[in-house]
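Please study the sequence and the model shown below before attempting the exercises. Each task is followed by a worked solution.

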Amino acid sequence: MLKNRRYLILLLIALVTIISSTGSNSYPKLNADPWESTTITVYIDENNLPEHYSPSYKIQVEKALEYWNDGGNGQLSYIPVLELVEEDNADILIMWVDNLESDNGLDDGVAGFARPYEINDRYERVDIVLEVGNYEGYAWRQFSDKTMRDLTKHELGHALGLAHSDDKNDIMYPSYEQKNNVDPLLYHNTRPFLIAIAIIASVLILYRGAGWVRSKKKREALEREIFSKQEK
Ligand SMILES: [Zn+2]
């Protein structure tokens, strides 16, 4: 019985490994080639700035654009030319809010998100929303320029088609500020893993359930034996 259970657990581990490693030979991507042209225009919304906005944040966005134009984390299969423009019909729109939890009703810990609008496997445009600080308990904590720069680099990485990395040193690793990142495509990407967990959970429940039925049958048989003896 114990041996059987061991085999079952080994089988489940193998199943998870297979499912979660599907396509992981290459870097995790939401879309390997999302943009029609390598010149990608970026518009920064300076008309709707939140109360706690710092003017130094725009410089951090410019640095984040440079980062990707210079090759970024080296995981893109194309070299983008991210270009700041004045028209708001740009490919990527960047805007700020004071707090995503209170302003957009998002979960705690979300510091930014990138929402791509996809048509025929190409990005039509991407909205990036960044918050300028967070609550720690009841205390407001304003994001430093470095945090803003890293956050923008991370969200731009999504806008360029990259998904999350497991490597803590990679800009696409969902760090403390981005741990509950809610971009919808990301959910899509982790779905095989979630499905694997659901399968395992139901198998374990069924297995334990079956064990319970077996022990119930044994007990009933034992009871029958005892009672029939008593009757004698
Ligand atoms: Zn993310």
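The exercises below concern a predicted model.

**Exercise 1. Determine how many helices and strands the protein chain has, and in which order they follow one another.**

Solution. Step one is to count the elements: the protein chain has five helices and seven strands. Step two is to read them along the sequence, which gives the pattern α-β-α-β-β-α-β-β-β-β-α-α. Step three is to consider the contacts with a separation of 6 or more: residues 24 or more positions apart account for 73% of them. Finally, 36% of the 232 residues count as buried, and the chain exposes about 14300 Å², of which carbon and sulfur atoms supply 54%.

**Exercise 2. State which strands pair with E5, and in which sense.**

Solution. Begin with strand E3 (residues 92-97), which runs parallel to E5 and is joined to it by six bridges. Within this pairing, Leu-93 is found opposite Asp-127 of E5. Next take strand E4 (residues 112-119), which pairs with E5 in the antiparallel sense over eight bridges. Here Glu-118 stands opposite Tyr-123 in E5. E4 and E5 form a hairpin with two residues between the strands, and Asn-120 in this hairpin adopts a positive phi near 50°. The last step concerns burial: seven of the ten residues of E5 are buried, so the strand is largely enclosed by the rest of the structure.

**Exercise 3. Explain why the aromatic pair of Trp-35 and Tyr-123 ties together parts that are apart in sequence.**

Solution. A search of the whole structure yields five aromatic pairs. In the pair formed by Trp-35 and Tyr-123, the centres are 5.7 Å apart and the planes are at 85° to each other. Planes over 60 degrees apart count as edge-to-face, and the pair of Trp-35 and Tyr-123 is accordingly edge-to-face. Now locate both residues: Trp-35 lies in the loop between helix H1 (2-21) and strand E1 (39-44), whereas Tyr-123 lies in strand E5 (residues 122-131), so the pair connects parts that are 88 residues apart in sequence. Both Trp-35 and Tyr-123 are buried. Elsewhere, Tyr-53, Tyr-57 and Trp-96 form one aromatic cluster.

**Exercise 4. Identify which charged residue sits over the ring of Tyr-117 and which lies over the face of Tyr-67.**

Solution. For Tyr-117, the residue is Arg-125, whose charged end sits over the ring at 4.2 Å from its centre. For Tyr-67, the residue is Lys-153, at 4.4 Å from the ring centre.

**Exercise 5. Decide whether the length of H4 agrees with the expected span, and whether H4 is mostly covered or mostly uncovered.**

Solution. At 1.5 Å a residue, the 15 residues of H4 should span 21 Å, and the end C-alpha atoms are 21 Å apart, which agrees. As for cover, eleven of the 15 residues of H4 are buried, and the helix is mostly covered. Among the buried residues are Met-148, Leu-151, Lys-153 and Leu-156. Just after H4, Gly-161 has a positive phi of about 105°.

**Exercise 6. Classify Tyr-173 as buried, partly exposed or exposed.**

Solution. First locate Tyr-173: it belongs to the loop between helix H4 (145-159) and helix H5 (184-231). Then recall that buried means under 20% relative accessible area and exposed over 50%. Tyr-173 has 25% relative accessibility and therefore counts as partly exposed.

Definitions and conventions: Residues are numbered from 1 along each chain as its sequence is written. This is a predicted model: local features need pLDDT of at least 70, side-chain atom pairs count only at pLDDT 80 or more; totals for chains, interfaces and linings use all residues. Side-chain values use heavy atoms; hydrogens and water are left out. Helices (H or I, at least four residues) and strands (E, at least two) are DSSP runs, numbered from the N terminus. Buried means under 20% relative accessible area, exposed over 50%, partly exposed in between (1.4 Å probe, protein chains only). Contact means heavy atoms within 4.5 Å. Accessible areas come from the Shrake-Rupley method with a 1.4 Å probe; for residues, only the protein chains shown count as cover. Rings of Phe, Tyr and Trp (its six-membered ring) pair if their centres lie within 6.5 Å; planes under 30 degrees apart count as stacked, over 60 as edge-to-face and the rest as tilted. A charge sits over a ring if NZ of Lys or CZ of Arg is within 6 Å of the ring centre and within 35 degrees of the ring normal. The expected span of a helix is 1.5 Å times one less than its number of residues. Two strands pair if DSSP finds at least two bridges between them.
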